[in-house]
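Work through the following exercises with the sequence and the model open. Each task is followed by a solution in steps.

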Amino acid sequence: MRLINVNALLDVEKSISEQKEPDPRTAVLVELHGTALAETKYAMLSHCWGPPEQELQFKEMKKFIIMDERRRNEVRKRSGYKKILDACKQARRDKFDWVWVDTCCINKDSSSELSEAINSMFRWYEKSERCYAYLHDIDELVFPSEPDKERFYEFNGWPKWFSRGWTLQELVAPKDVYFFNQQWTFIGDKKCLANTLESITQIVGRILEDGLSSKRPCVAQIMSWAADRKTTREEDRAYSLLGLLGVHMPMVYGEGKNAFRRLQLEVIRMTNDQSIFAWGHSRETGWSSSFLAPDPSFFRDCSYVEKMDLDEFILHHKNEIPEDELRKVMDPEERLRTFTVTNDGIQIWLLLRHWRGSTSLFQTELACRSLSSVPRSITINVAQFKSKYFRYFGCCEAPLYEKMQFQQVFFPYQDDIHPSDFTFNLDLRTVFHDGFIQHHVFPEVKLTDGTLTLTDVNDCAIIFYAHPKRSIRFAVAFHYCFGQPLIHVICCEPPGDPQRCVREVYRDVRKDGPDKANRMVKRWSNSRTDCLAKHVHIPRSIQGVKVAYGWPSQLRNSCVVMIDVAQCTGCCDSTWHGWNGVGVFSLFVSAHDLIVCILTVRHRTHRVPSFKGSYAAWRYISCIWLVRGFILHAICTRRTWN
């Protein structure tokens, strides 16, 4: 560990101020190891880095004494140097001879030294006598007690220091943390400000007063502390948590978000804390290709999560587990207490139960609980897609089976299995031509130029259409589930409260998503089908909704969807039909292009068509192309899917 000799630096500064040349033999930076370090009392500076050109780096501090006068005076004017100098002055007042500052005490040009420093930093702060937290953006003489959204709008209403990733361990690890304003006036310490700090950081007061050694929180709770913190380098969001989680791993700058995945895998190898899988347990929409969280922000809802002892967990669910399954759970050979990490995923034994009406959707209980609600173990949803299981959020309906089953499941941790977004290119011109209007969209999503983009976070949307004169309504639900675009047509009249019905339809569409995604992937892979089409009758009317969509292989994350309203006797088949060749998809495209062409010619010859004439022309051409479709149907192979 490299430390600043407080007296040496202050003496050098005094000599320079008196226009005397400092002794070039003076050692400002000194390395201490082993027993010498253990017996040394030192202070640490915790601060927010300013612009790089204002900070004093290791090489500059090492050459500070032997610099020429012009260069040295330039360094002395920097805010970073003044910050170090003020920290040394405070250390001398507190009778400390040594100070550690991250800007100049680490040679960042050496990857091995940087890696050693990052892996050791939590211990260094923990062993320090005192930590000086310098709040450069506070000029008041008291610590802020209320958030100031106007002044600190970028940092959730609090000073910037509370928004940085590295300052988290600098708050938790030291036994004493003194806060100073920008004039280096003392404004409070960690223990006296514990209640205020708890409201700012969501770290319980017990941890702030006694540290992690008193009762170590679970992994999810520690992760939640970093949910809203930022770092300059993406990798540092993971590296800044090493000491808090008690793990060590090499630094690989340039790996991006993979650093946080490596951190979680390292935690899994060292502990059987299932709370690491509790991230996003309160989310209501979306899914994830990876069973591991992409970054700490996904643990935002885990501030009050605590680990359950496995014996306590089994006792808590004893009445929900069949007797034969209970013997498996309590059998040490079944490895309930261990996870197996492979190069392709995580193998783990869990208690699962099916959701009502689904063969692919399960609920599982984790050996952790949330103290902010009813003291019960946290449940998460998992969906089986192909041979693997993935996280699936939402779906609040009670499971079909009250009894749990003890199963070994395989969870992938690579997050690039499925594209994170999918775009539906909607062609609704014929719908609007027939007088229908877009009534509303649930939930509220933005439709831009007829395109609807869904993601693994917001994975479902329902668009409602209505005819103002005919009192006809229908809806089309779009769902993007595990890389599969799914479309549902809803033509039934909603009974009771319309808003409640909308929410129920939305929930049902999402609940059926995993089953339909499994069926859909088989349909696309086991046939040469270019598109799917279906016709759904609108109740109490002579019309039906026609929907067709294709998924060209060259547009992996988008598809074209065509919707039309046509006359219908009510005897139509509402199942999806798959077509080879041009099929139904060509019927939609070509018929529409012809009607547009005819209407355009009539407009250019100043013969503006009436609605009746346009409508008749459309029906006439539709009949022609319907005959063409039947011919194609006889030639091409048709597949019918539920």
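**Exercise 1. One face of a helix**

Helix α8 (residues 194-201) has as its buried residues A194, T196, L197, I200 and T201. Viewed down the axis of α8, these buried residues fall within an arc of 160°, so they line one face of the helix. This is a predicted model, in which local features need pLDDT of at least 70 and side-chain atom pairs count only at pLDDT 80 or more, while totals for chains, interfaces and linings use all residues. Residues are numbered from 1 along each chain as its sequence is written, and side-chain values use heavy atoms, with hydrogens and water left out.

Task: state which elements the buried residues of α8 pack against, and describe the residue that follows α8.

Solution.
- Step 1. Fix the terms. Buried means under 20% relative accessible area, exposed over 50%, and partly exposed in between (1.4 Å probe, protein chains only). Helices (H or I, at least four residues) and strands (E, at least two) are DSSP runs, numbered from the N terminus. The arc is that of the directions from the helix axis to the C-beta atoms. Contact means heavy atoms within 4.5 Å.
- Step 2. Find the partners. The buried residues of α8 pack against α7 (167-172), β6 (177-180), α9 (205-210) and α10 (219-225).
- Step 3. Go past the end of the helix. Q202 follows α8 and has a positive phi, near 65°.
- Step 4. Place Q202. It sits in the loop between α8 and α9 and is partly exposed, with a relative accessible area of 31%.

**Exercise 2. Unusual backbone geometry**

Task: find a residue besides Q202 that has a positive phi although it is not a glycine, and say which peptide bond is cis.

Solution.
- Step 1. Recall the background. Most residues other than glycine have a negative phi, and most peptide bonds are trans.
- Step 2. Look at phi. K95 is not a glycine, yet its phi is positive, about 65°. K95 belongs to the loop between α5 and β4 (98-100). With a relative accessible area of 72%, K95 is exposed.
- Step 3. Look at omega. The peptide bond from F442 to P443 is cis, with omega near -15°. P443 is placed in the loop between β17 (437-442) and β18 (451-455).

**Exercise 3. The second largest pocket**

Task: describe the volume and the lining of the second largest pocket.

Solution.
- Step 1. Define the space. On a 1 Å grid over the protein atoms alone, a pocket is an open set of points with protein on both sides within 12 Å along at least five of seven lines, and lining residues have an atom within 4 Å of a point. Grid points are joined across faces, edges and corners, and a volume is the space filled by probe spheres set on the points.
- Step 2. Give the volume. The second largest pocket holds about 590 Å³ of space.
- Step 3. List the lining. Of its 21 lining residues, W49, D102, W166, T232 and D236 lie nearest the centre. The elements that give two or more residues to this lining are α6 (111-127) and α7. The largest share, three residues, comes from α6.
- Step 4. Sort by class. The lining has eight nonpolar, five polar and eight charged residues. Here Ala, Val, Leu, Ile, Met, Phe, Trp, Tyr, Cys and Pro count as nonpolar, Asp, Glu, Lys and Arg as charged, and the others, Gly among them, as polar.

**Exercise 4. Salt bridges**

Task: say how E60 and R78 are paired, and whether they are buried or exposed.

Solution.
- Step 1. Define the pair. A salt bridge is a side-chain nitrogen of Lys or Arg within 4 Å of a carboxyl oxygen of Asp or Glu. The whole structure has 28 of these salt bridges.
- Step 2. Inspect the pair. E60 and R78 form a salt bridge, with their closest N and O atoms 2.8 Å apart. The pair links distant parts of the chain, 18 residues apart: E60 is in helix α3 (residues 58-62), and R78 is in the loop between α4 (69-76) and α5 (79-93).
- Step 3. Check burial. Both E60 and R78 are buried.
- Step 4. Take another pair. R507 and D508 meet through their side chains in a salt bridge (3.4 Å, N to O). R507 is partly exposed at 33% relative accessibility, and D508 is partly exposed at 30%.
- Step 5. Look for shared partners. Salt bridges that share partners join E60, R71, E74 and R78 into one network.

Technical notes
1 Å grid on protein atoms, 1.4 Å probe; cavity = no way out; pocket = protein on both sides within 12 Å on 5 of 7 lines; lining within 4 Å.
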